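Open the model in a viewer and keep the selection panel at hand. The stops below say what to select next and what is there.

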Amino acid sequence: MESLNFKPFPKLITERLILRQMNQEDKNEIFALRSNKEMSKYISRPLVKEIDEALQYINMINEGIERNEWVLWAITLKESDQLIGTICLWNFAIEQSKGEVGYELSPELQGKGIMQEAIETVLDYGFKVLNLQTIEGDVQSGNQKSIQLLERNKFSNKGKIERESTNEENKFSYIFELTREKFYTDAGKK
């Protein structure tokens, strides 16, 4: 992996989903995700309180994409352009050909295979297009749905990291890792 380039933005299409770049029209959906206490339970970030904070977040993300620091997709269903979640590759270590995946999905749409469909496509993009050798996931210890998603996608648990948290359930997180070789061999992909 020599360098990153997200221009033009890599729009990804799956059977049910379109993964596209976020824009200002997504402000209400981003506000709903980032102001939801339940959604932020396993993510160390303050809850947004105003729609302007959602706009600032969208601008920050798109500026980072412009600088090739990360790539974040708005997850939408094909029949609607409405953002229902996000998925990203970020925290790149160019010299190690490594990146990290992160994601969130509206609670009412969880458990329907949407994130499974999105993550498979993003992992394929990370390994095939970005030529990453390893993709990691950092998951709070209490976030069983996220742990199950990574395990279902052949990530290996590499151990725990202690976290500062007032919530006993989030005292540490697990680092999961998936190699390019394991993704393509175990999944039967090419």
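The tour starts with the sheet, goes on to the helices and ends with single residues.

**Before selecting**

This is a predicted model, in which local features need pLDDT of at least 70 and side-chain atom pairs count only at pLDDT 80 or more, while totals for chains, interfaces and linings use all residues. Residues are numbered from 1 along each chain as its sequence is written, and side-chain values use heavy atoms, with hydrogens and water left out. Helices (H or I, at least four residues) and strands (E, at least two) are DSSP runs, numbered from the N terminus.

**Stop 1: the sheet**

Select the eight strands, which form an open sheet with mixed pairing in the order E1-E2-E3-E4-E5-E6-E8-E7. Two strands pair if DSSP finds at least two bridges between them. Strand E1 (12-13) and strand E7 (156-162) are the edge strands, and each pairs on one side only. Strands of a sheet pair through backbone hydrogen bonds, either parallel or antiparallel.

**Stop 2: E1, E2 and E3**

Select E1 and E2, a hairpin with three residues between the strands. The two pair in the antiparallel sense over two bridges, and Ile13 has Ile18 in E2 as its bridge partner.

Keep E2 and look at its two faces. In a regular strand the side chains alternate between the two faces of the sheet. In E2, Leu17 and Leu19 lie on one side and Ile18 and Arg20 on the other, and all are buried (buried means under 20% relative accessible area, exposed over 50%, partly exposed in between, with a 1.4 Å probe and protein chains only).

Add E3, which runs antiparallel to E2 and is joined to E2 by four bridges. Leu17 has Leu77 in E3 as its bridge partner.

**Stop 3: E3, E4 and E5**

Select residues 71-77 (strand E3) and 83-93 (strand E4), an antiparallel pair with six bridges. A hairpin of five residues joins E3 to E4. Two positions to label are Ile75, which stands opposite Gly85 in E4, and Ala74, whose bridge partner in E4 is Thr86.

How many of the eleven residues of E4 are buried? Nine are, and E4 is mostly covered.

Now add E5, which pairs with E4 in the antiparallel sense over seven bridges. Ile87 stands opposite Tyr103 in E5. The hairpin of E4 and E5 has four residues between the strands, and Ser97 there takes a positive phi near 50°.

**Stop 4: H1 against H2**

Two packed helices are described by the angle between their axes and the distance between the axes. Axes are lines fitted to C-alpha atoms, for helices over the stretch in contact, and angles run from 0 to 180 degrees between N-to-C directions.

Select H1 and H2, which pack at about 105° with their axes 8 Å apart. H1 is therefore roughly perpendicular to H2 (angles under 35 degrees count as roughly parallel, over 145 as roughly antiparallel, 65 to 115 as roughly perpendicular and the rest as oblique). To see the contact (heavy atoms within 4.5 Å), show Lys27, Asn28, Ile30, Phe31 and Arg34 of H1 with Ile51, Ala54, Leu55, Tyr57 and Ile58 of H2.

**Stop 5: H3 against H4**

Select residues 114-128 (helix H3) and 144-152 (helix H4), which pack at an angle of about 45° with their axes 11 Å apart. H3 and H4 are therefore oblique to each other. Met115, Gln116 and Ile119 of H3 make the contact with Leu149, Leu150 and Arg152 of H4.

Return to the sheet with H4 still selected. H4 packs on the sheet and touches strand E5 (98-105), strand E6 (134-140) and strand E8 (172-179), and the direction of H4 makes about 160° with that of E6.

**Stop 6: single residues**

- Lys7 and Pro8 are joined by a cis peptide bond, with omega about -10°. Pro8 lies in the segment before E1.
- Glu25 is in the loop between strand E2 (17-20) and helix H1 (27-34). Its relative accessibility is 61%, so Glu25 counts as exposed.
- Asn68, in the loop between helix H2 (51-66) and E3, has a positive phi of about 60° although it is not a glycine. Is Asn68 buried or exposed? Asn68 is buried, with a relative accessible area of 18%.
- Lys154 is in the loop between H4 and E7. Its phi is positive, near 70°, in a residue other than glycine. Lys154 counts as partly exposed at 36% relative accessibility.
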